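User: I'm new to this one and would like a close look at a single part of it, with some of the surroundings to help me get my bearings. Here it is.

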Amino acid sequence: MPSIHRTPIATGIGLRLPHIEEAVATRPSVGWLEIHPENFIANPHATELLCDLARRYPISVHTVGLSVGSATGLDRHHLARVRALIDRVDPLLVSGHLAWSTHGAEYLNDLLPLPYDEETLRIVCDQLAQVQDGLGRTFLLENPSSYVGFAGSTMTEVQFLNELVDRAGCRLLCDVSNIHVSSHNMGYDARAYVDGLPMEAIREIHLGGFTREDDEATPGADILIDTHATRVADESWELYAYTLTRWGPKPALIEWDNDIPALSTLVKEAHSADAIVAAAARLETRDVAC
């Protein structure tokens, strides 16, 4: 089924099942829609509604179950099921996480971290090749939200992502809110992280809310949890504005997966992102004129 092949200008939203019928009926004023294929693979009715939306919006597919970092290999059956859905909706972008969430036949409801070293790089590159061949698409990897690091890592996360782009031929989904969360939790400079990413490989941006909790390991300190359960925080908006000065506008998306609000709330968040892009464009125009 042909979809709309154009790079979205307006910000998109993550389409979750509670909103799909309303989205079909009201056609919200957003640039595009992103779905988790795992919500649709075994849901024929939702898939039919998605196909209807794909005739009106660019669609992006964001997987949460491929587990490209798993040491026990990919689930080829799941990969084939994702491919079948992709063939139906013909999405603009296909992405997933730099993480692991399976061990053999066991699926875990978490996106678990990886050590950044040559062995991990080899495993992830090999499995990215299998994913891209299996899906027939370039695959975008999303930077994780981090809460712990590995003492045995031999490279930084930014270095690891650069190596994956060079060796595996993948591209990147930059989750700006994850950068803020991780920089707070791990004690690094968020803007330096942005500066170190390969600009030409960034194909998509995510923005989502986080929750602040007490850090039980460090009395008096706090930790940010990437819950996708609240509005985008001011700090994430500020970092997003900074990315625009570095990379220019990219397809951006509002994620909200827990305590899901009304569809109108997501649309308002998307319009807030659009306003930041417009302000950055005005600033650039003024600077060029000066």
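How many bridges join strand β5 (residues 100–103) to β6, and is the run parallel or antiparallel?

Analyst: Before anything else, keep in mind that this is a predicted model. Now to your pair: β5 and β6 are joined by 3 bridges, and the two strands run antiparallel. If you want a spot to look at, find H103, which stands opposite E106 in β6. The two strands form a hairpin with 2 residues between them, and G104 takes a positive phi there, near 65°.

From the hairpin, let's move to a helix. β6 (106–112) is one of the elements that the buried residues of α3 pack against. Those buried residues are H78, L79, V82, L85, I86 and V89. They cover an arc of only 125° around the axis, which puts them on the same side of α3. A bit of background helps here: an α-helix has 3.6 residues a turn, so residues three or four places apart point the same way. Besides β6, the packing partners of that buried set include α2, β4 (93–97) and α4 (118–135).

α3 itself covers residues 76–89, and its length checks out nicely. At 1.5 Å a residue its 14 residues should span 20 Å, and the end C-alpha atoms are indeed 20 Å apart, which agrees. At the N-terminal end, D75 acts as a cap, with a side-chain oxygen 3.0 Å from the backbone nitrogen of H77. Just after the helix, D90 takes a positive phi of about 50°.

You can also come at α3 from α2 (residues 44–54), where T47 sits. T47 has 4% relative accessibility, so it counts as buried. Leaving out residues up to four places away in sequence, T47 touches F40, L85 and R88. L85 should ring a bell, as it is one of the buried residues of α3.

β4, another partner of α3's buried residues, leads us to the barrel. This is a closed barrel of 8 strands with parallel pairing, running β1-β2-β3-β4-β7-β8-β9-β12. From one strand to the next, the twist averages 30°. As a reminder, strands of a sheet pair through backbone hydrogen bonds, either parallel or antiparallel. Within the barrel, β4 is joined to β7 (residues 140–142) by 3 bridges, with the strands running parallel. There, H97 stands opposite E142.

Further round the barrel is β9 (residues 202–208), which has 6 of its 7 residues buried, so this strand is largely enclosed by the rest of the structure. β9 pairs in the parallel sense with β8 (residues 171–175) over 4 bridges, and C174 has I205 of β9 as its bridge partner. β9 is also joined to β12 (residues 252–255) by 4 bridges, again with a parallel run. In that pairing, G208 is matched with E255.

One last helix rounds off this tour. α8 packs on the sheet and touches β8, β9 and β12, its direction making about 165° with that of β9. α8 takes in residues 234–247, 14 of them, and at 1.5 Å a residue they should span 20 Å; the end C-alpha atoms lie 20 Å apart, so expectation and model agree. Among its buried residues are W237, Y240, L244 and W247. Right after α8 comes G248, with a positive phi near 75°.

Note on methods: Residues numbered from 1 in each chain as written. Predicted model: local features only at pLDDT ≥ 70, side-chain atom pairs only at ≥ 80, totals over all residues. Heavy atoms only, no water. Buried < 20%, exposed > 50% of the residue type's maximum accessible area, 1.4 Å probe, protein only. Contact = heavy atoms within 4.5 Å. Pairing = 2+ DSSP bridges. Expected span 1.5 Å × (residues − 1). Arc of directions from axis to C-beta. Polar contact = N/O pair within 3.5 Å; in protein donor to acceptor, adjacent residues only side chain to side chain. Axes fitted to C-alpha atoms, helices over the stretch in contact; angles between N-to-C directions.
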